[in-house]
Amino acid sequence: MAWIGALPPEEQLVNLYMNYEVLGSKYGAETGIFDFFRALPEQGAARGIGFSTPSEILNLLKPVDAVAVPEPVSYQGDKTLAPWLGNELQRAAFEKINQIGRQVVSLSNRRLIQEWLYLAGNDHLRYMESGLVGRAPSPTPYEMPFSAFGNYMNVLSDFAARVATQLPPVHENDDQNPLLATIRKQEEELAALEKEMKKYKK
């Protein structure tokens, strides 16, 4: 941490970004990784270095300029979203979880919102990435992207059914009801995706 302590006073903020996989996955307990992080705050304090959450930083510091980010960026490969949205399976799954999310938010059900957040985790889409198979160490528990997609869509289908039971009643003959139209569209898309999966498995 000496290099952080040696920074000029005007450098008020140093951002540390790391994947949670470094904690126990990429670096096991035998490497001392947990001891390192336990000692980090104390070692920082001894050098006049503090730690703050993003929310605390917003209250402590004033913005000095704006950063233009016209396109989404990531830390992977070419810095795009290709590892998560690079193929049709990923994009279909992403659209579906977001469609369900709009219904979940309208319900204000904390448990359903929490479960939706779990299902919206980016690892689910990453497991569907083309080219992960055979990579060592393997970042996915699935043998094929189609397996990841099929499992995920089955879970989403069950979750969507649970969400539907919490939605206000609708009249089946009311073609003008936007919520009913959304549910019907989701059912049609799920059926089409399942048909597409069966075609690739042949």
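**View 1. A salt bridge inside helix α6: E115 and R111.** In this predicted model, E115 pairs with R111 in a salt bridge, with the closest N and O atoms 3.2 Å apart (a salt bridge here is a side-chain nitrogen of Lys or Arg within 4 Å of a carboxyl oxygen of Asp or Glu). Both partners sit in helix α6 (residues 110-119), 4 residues apart, or about one turn of the helix. Helices are DSSP runs of H or I with at least four residues, numbered from the N terminus. That spacing fits the usual helix picture: an α-helix has 3.6 residues a turn, so residues three or four places apart point the same way. E115 is buried at 18% relative accessible area, whereas R111 is exposed at 61% (buried is under 20% relative accessible area, exposed over 50% and partly exposed in between, with a 1.4 Å probe and protein chains only).

**View 2. E115 again, now with R162.** The side chains of E115 and R162 also meet in a salt bridge, at 2.5 Å from N to O. R162 belongs to helix α8 (residues 145-166) and E115 to helix α6, so this pair ties together parts 47 residues apart in sequence. R162 is partly exposed, with a relative accessible area of 37%. Put the two views together and you get a network of salt bridges linking R111, E115 and R162.

**View 3. R126 and E129.** Here is another of the 4 salt bridges in the structure: the side chains of R126 and E129 come to 2.6 Å, N to O. Both residues are buried.

**View 4. Helix α8 from end to end.** The 22 residues of α8 should span 32 Å at 1.5 Å a residue, and the end C-alpha atoms are indeed 32 Å apart (the expected span is 1.5 Å times one less than the number of residues). Among the buried residues of α8 are F149, Y152, M153, L156, F159 and V163.

**View 5. Helix α5 and its two ends.** For the 20 residues of α5 (residues 88-107), the expected span is 28 Å and the end C-alpha atoms are 29 Å apart, which agrees. N87 caps the N-terminal end, with a side-chain oxygen 3.1 Å from the backbone nitrogen of L89. L89 is one of the buried residues of α5, including also K96, Q99 and Q103. Following α5 comes S108, with a positive phi near 55 degrees.

**View 6. S74 in its loop.** S74 sits in the loop between α3 (54-60) and α4 (82-85). At 16% relative accessibility, S74 counts as buried. A polar atom of the S74 side chain lies 2.5 Å from the backbone oxygen of T80. Beyond its neighbours within four places in sequence, S74 is in contact with K79, T80, L81 and W84 (contact means heavy atoms within 4.5 Å).

**Notes on the views.** Residues are numbered from 1 along each chain as its sequence is written, and side-chain values use heavy atoms, leaving out hydrogens and water. Because the model is predicted, local features need pLDDT of at least 70 and side-chain atom pairs count only at pLDDT 80 or more, while totals for chains, interfaces and linings use all residues.

Conventions
Helix = DSSP H or I, 4+ residues; strand = E, 2+ residues; numbered from the N terminus. Polar contact = N/O pair within 3.5 Å; in protein donor to acceptor, adjacent residues only side chain to side chain.
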